[in-house]
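Colleague: Please take a close look at one part of this model, the pocket region. I would like the answer to go on to its surroundings too.

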Amino acid sequence: MKKLLYTLLAVSILFATCKKEDSTPNSQFTGSWTGTYSGGDSGIWAATISLNGAVNGSSTNANGDNQTLSGSVTNSGSFSATVGTGSLGSNFSGQLSGNSGNGTWSNSALSFDGTWQGTKQ
């Protein structure tokens, strides 16, 4: 009986000292972000990053054309998103670090490419 009590006590202590995993994996990037892009086309973008790393927002080019922006960011800050839909969509990729980020974008259908940058608000 004594052995059973010691075993239960040891298991209880073990579970009590285990570190709980962070339930907000992308918390450092969560919030509102804005930025610009340039190259074959230029404009501004705004997006919200949620706790699960989902990126949702919009982009407006120099002609005033508005398009949706959707994508994701990983715990390490690897960013990928698509602006627009279908064959005319542009692919954005890059890296977020702290309160800023940058990368490249391309649109193979229009043979456009360039760079982007952004900051957390």
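Modeller: What follows starts with the whole chain, turns to the pocket, and ends with the strands and loops around it.

Keep in mind that this is a predicted model. The chain has one helix and eight strands. Read from the N terminus, the order is α-β-β-β-β-β-β-β-β. So the helix comes before the strands, with elements numbered from the N terminus. The chain holds 121 residues, and 26% of them are buried.

Now the pocket. The largest one holds about 260 Å³ of space. Its lining counts 15 residues, and Asp-41, Asn-61, Gln-67, Leu-88 and Ser-90 sit closest to the centre. How does the lining divide by class? Seven residues are nonpolar, six are polar and two are charged. Asp counts as charged, so Asp-41 is one of the two charged lining residues. Leu counts as nonpolar, which puts Leu-88 among the seven. Three strands each give the lining at least two residues: β3 (54–61), β6 (90–97) and β7 (100–107).

Leu-88 has a second role to note. Besides lining the pocket, Leu-88 joins Leu-110 and Phe-112 in a nonpolar surface patch. Together the three have about 260 Å² of accessible area. Phe-112 belongs to strand β8, residues 112–120. Why can Phe-112 enter a patch at all? A patch residue needs over 30% relative accessible area, and Phe-112 reaches 31%, so it passes that cut-off. Phe-112 still counts as partly exposed, because exposed means over 50%.

Ser-111 precedes strand β8, in the loop that links β7 to β8. Ser-111 is exposed because its relative accessible area is 65%, over the 50% limit. Its backbone deserves a check by eye. Phi of Ser-111 is near 55°, a positive value, and the residue is not a glycine.

Next, strand β6, one of the lining strands. Phe-92 lies in β6. Its relative accessibility is 7%, under the 20% limit, so Phe-92 counts as buried. The C-alpha atom of Phe-92 is 6.0 Å from that of Thr-82, ten residues away along the chain. Thr-82 is part of strand β5, residues 78–83. With 30% relative accessibility, Thr-82 is partly exposed because the value falls between 20% and 50%. Thr-82 can also be set against Ser-72: ten residues apart in sequence, 9.6 Å apart from C-alpha to C-alpha.

Strand β3, another lining contributor, leads to two further pairs. Gly-71 in strand β4 is 4.8 Å from Val-55, C-alpha to C-alpha, with their positions 16 residues apart in sequence counted as separation. Gly-71 has a relative accessible area of 27%, so it is partly exposed. Asn-63 sits in the loop between β3 and β4 (66–73). At 67% relative accessibility, over the 50% limit, Asn-63 counts as exposed, so it falls in another class than Gly-71. Across 20 residues of chain, the C-alpha atoms of Asn-63 and Gly-43 are separated by 8.4 Å.

To return to the pocket: keep its five central residues in view, Asp-41, Asn-61, Gln-67, Leu-88 and Ser-90. Then follow Leu-88 out to the patch that also holds Leu-110 and Phe-112.

Notes: Residues numbered from 1 in each chain as written. Predicted model: local features only at pLDDT ≥ 70, side-chain atom pairs only at ≥ 80, totals over all residues. Heavy atoms only, no water. Patch = residues over 30% accessible without salt bridge, like charges linked within 9 Å, V, L, I, M, F, W, Y side chains within 5 Å. Areas by Shrake-Rupley, 256 points an atom, 1.4 Å probe, with all protein chains shown as cover. Salt bridge = Lys/Arg side-chain N within 4 Å of Asp/Glu carboxyl O. Helix = DSSP H or I, 4+ residues; strand = E, 2+ residues; numbered from the N terminus. Buried < 20%, exposed > 50% of the residue type's maximum accessible area, 1.4 Å probe, protein only. 1 Å grid on protein atoms, 1.4 Å probe; cavity = no way out; pocket = protein on both sides within 12 Å on 5 of 7 lines; lining within 4 Å. Points joined across faces, edges and corners; volume = space filled by probe spheres on them.
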